[in-house]
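Grab a coffee and work through a few exercises on helix packing, pockets and a cavity. Try each task with the structure open before you read the solution.

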Amino acid sequence: MTIIVGFISQKGGVGKSTLSRALAIEAASEGLDTKVADLDIQQATTTNWLRRRMQSNLPMKHLSVESFKTAKNALSRSDKYDLFIIDGPARSSEASLMIAQSADLVVQPTGASSDDLEPAILKFHELVKKGIPKSKLKIALCRIGTESEEQACREYISEAGYDVLDGCLYEKPAYRQAQNLGRSVTETSYKKMNEKSEKLVQSIVDLL
Ligand SMILES: Nc1ncnc2c1ncn2[C@@H]1O[C@H](COP(=O)(O)OP(=O)(O)O)[C@@H](O)[C@H]1O
Ligand SMILES: [Mg+2]
């Protein structure tokens, strides 16, 4: 049976691709046959990231990335894998709804500003209105500055009625640099930073 995890958001640049890759690396290293569907047709950033990973001679076993033009195309190919991760497009309500209907778990990364949090909550409200159960919808905190900022985000999201995943991703150049080299945010050169990002990834794994 295939497990489908969809990363969606209203805004771009919030961490969908970053978390898709980190979850994929974790699952593939556990031996799960893992596919990331890259729906960013204009930039194909995760497809390019995998190419950099190959050039860096990093482990690729059980891991593949494929570009799809639409969520429908991607979903029609999901059944061949243990884990099918959808690195979704920003701003497409239609694609988000289709992904949410098919996925076992929907993760929406968000930054800490009101400019990020408000659209994130509205996006989940929109999905709930269309019949998606709240239990499937989780927020992941990404690009966070401080512990107090993390705490304030958690309170805001809980008050809005949604679950926030344990752990968070702090805004750190090392997370960008890791991905520049085809690594995931759990594969930086810094043990402490890997432990932090692993906690967030593990909280996703625990739900599957
Ligand atoms: N926690 C972080 N710290 C530093 N840079 C980050 C972090 N998360 C993401 N980035 C960078 O921000 C950009 C957008 O992230 P990305 O995961 O591609 O967002 P999305 O897929 O939602 O558009 C990328 O260049 C990525 O490397
Ligand atoms: Mg992306």
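**Exercise 1: α5 and α6**

In this predicted model, α5 crosses α6 with a right-handed sense. Work out how the two helices are oriented and what sits between them.

*Solution.*
- Step 1: start with the geometry. Helix α6 covers residues 147–160, and α5 packs on α6 at an angle of about 25°, with the axes 11 Å apart.
- Step 2: turn the angle into a word. Angles under 35 degrees count as roughly parallel, so α5 and α6 are roughly parallel to each other.
- Step 3: find the residues that touch. From α5 come L117, E118, I121 and H125, and these meet C153, Y156, I157 and A160 of α6.
- Step 4: sort them by class. The contact of α5 with α6 has six nonpolar residues, one polar and one charged.

**Exercise 2: α4 and α5**

Is α4 parallel or oblique to α5? Give the contact residues too.

*Solution.*
- Step 1: helix α4 (residues 93–102) packs against helix α5 (residues 114–129) at about 60°, and their axes lie 11 Å apart.
- Step 2: that angle makes α4 oblique to α5.
- Step 3: the crossing of α4 and α5 is right-handed.
- Step 4: α4 brings S93, S96, L97 and A100 to the contact, while α5 brings K123, E126 and L127.
- Step 5: by class, that gives three nonpolar, two polar and two charged residues in the contact of α4 with α5.

**Exercise 3: the two pockets**

Describe the largest pocket and the second largest pocket by volume and lining.

*Solution.*
- Step 1: the largest pocket has a volume of about 740 Å³. Its lining counts 30 residues, with G13, V14, G15, S17 and T18 nearest the centre.
- Step 2: α1 (16–29), α2 (45–55), β4 (83–90) and α7 (173–180) each give at least two residues to that lining. By class, the lining of the largest pocket has eight nonpolar, twelve polar and ten charged residues.
- Step 3: the second largest pocket has about 160 Å³. Among the residues lining this pocket are L39, I41, K69, P89 and M98.
- Step 4: α4 supplies the largest share of the second pocket's lining, three residues. Sorted by class, the lining of the second largest pocket has six nonpolar, two polar and three charged residues.

**Exercise 4: the cavity**

How many cavities of 30 Å³ or more does the structure hold, and which residues line the largest?

*Solution.*
- Step 1: there is one cavity of 30 Å³ or more, and the largest cavity holds about 40 Å³ of space.
- Step 2: the lining of the largest cavity includes S9, Q10, K11, V14, D116 and A120.
- Step 3: β5 (105–110) and α5 are the elements that give two or more residues to this lining.

How values were computed:
Residues numbered from 1 in each chain as written. Chains lettered and ligands numbered in written order. Predicted model: local features only at pLDDT ≥ 70, side-chain atom pairs only at ≥ 80, totals over all residues. Heavy atoms only, no water. Axes fitted to C-alpha atoms, helices over the stretch in contact; angles between N-to-C directions. Helix = DSSP H or I, 4+ residues; strand = E, 2+ residues; numbered from the N terminus. Parallel < 35°, antiparallel > 145°, perpendicular 65-115°, else oblique. Left-handed = near helix turned anticlockwise from the far one by under 90°. Contact = heavy atoms within 4.5 Å. Nonpolar A, V, L, I, M, F, W, Y, C, P; charged D, E, K, R; others polar. 1 Å grid on protein atoms, 1.4 Å probe; cavity = no way out; pocket = protein on both sides within 12 Å on 5 of 7 lines; lining within 4 Å. Points joined across faces, edges and corners; volume = space filled by probe spheres on them.
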